[in-house]
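Colleague: I have the structure open beside me. Can we walk through it, starting with the whole chain and ending on single residues?

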Amino acid sequence: MDAPAAEPATLGQLLAGARQRSGQFAAWLEQADPDLAARLAASLVPGESPVSRVRVALADFTADASESDWATLISALRDAGDPGLEMLRRILLRAFVAEAGG
């Protein structure tokens, strides 16, 4: 009998153990959203890992997001095929805009 195929890791699972598996996170994001992965890689400062950058963006969103920002995010997650990826996408794009002065 064939063994069942392994389920792909979710964003939550990857972030939970990201300190030990930074390379796995980067590989997952590259497969899930190559454009976002490239933009994330381009935003890193020397010595910064993709996981560290994501953690900062998540912390900043949590600290600074308005009620409207949260409502918009929750609505988008509800309608998304992959809520974890959609959350990551929206929070990183918000961080990129903020860094650009927008």
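Colleague: What percentage of the residues of the protein count as buried?

Modeller: Bear in mind that this is a predicted model. A residue counts as buried when its relative accessible area is under 20%. The protein has 102 residues, and the share that counts as buried is 29%.

Colleague: How many helices and how many strands does the protein have?

Modeller: Read the elements from the N terminus on: they run α-α-α-α-α-α. The total is six helices and zero strands.

Colleague: What share of the contacts with a separation of 6 or more comes from residues 24 or more positions apart?

Modeller: One such pair is F96 and R39, which are 57 residues apart in sequence and in contact. D33 and R89 also touch. Across the protein, pairs 24 or more positions apart make up 59% of the contacts with a separation of 6 or more.

Colleague: Is R89 buried, partly exposed or exposed?

Modeller: R89 sits in helix α6, which covers residues 83-99. Its relative accessible area is 24%. Buried needs a value under 20%, and exposed needs one over 50%. R89 falls in between, so the class is partly exposed.

Colleague: Which side chains make a polar contact with the side chain of R89?

Modeller: Start within helix α6, where R89 lies. There the side chain of R89 makes a polar contact of 2.8 Å with that of E86. A polar contact of 2.8 Å also joins R89 to a side chain in the loop between α2 and α3. The two partners are E86 and D33.

Colleague: Is D33 buried or exposed?

Modeller: D33 lies in the loop between α2 (22-32) and α3 (34-43). Setting aside residues up to four places away in sequence, D33 touches L85 and R89. The relative accessibility of D33 is 12%, and the cut-off is under 20%, so D33 counts as buried.

Colleague: How far apart in space are the C-alpha atoms of R89 and A37?

Modeller: In sequence, R89 and A37 are 52 residues apart. R89 also touches L36, as well as D33. From C-alpha to C-alpha, R89 and A37 are separated by 9.6 Å.

Colleague: Which residues is F96 in contact with, leaving aside neighbours within four places in sequence?

Modeller: F96 is also found in helix α6. It is buried, because its relative accessible area is 7%. The C-alpha atoms of F96 and R39 are 8.7 Å apart. The contacts of F96 are L36, R39, L40, S43 and R53.

Methods:
Residues are numbered from 1 along each chain as its sequence is written. This is a predicted model: local features need pLDDT of at least 70, side-chain atom pairs count only at pLDDT 80 or more; totals for chains, interfaces and linings use all residues. Side-chain values use heavy atoms; hydrogens and water are left out. Helices (H or I, at least four residues) and strands (E, at least two) are DSSP runs, numbered from the N terminus. Buried means under 20% relative accessible area, exposed over 50%, partly exposed in between (1.4 Å probe, protein chains only). Contact means heavy atoms within 4.5 Å. A polar contact is a pair of N or O atoms within 3.5 Å; within protein, one must be able to donate a hydrogen and the other to accept it, and residues adjacent in sequence count only if both atoms are side-chain atoms.
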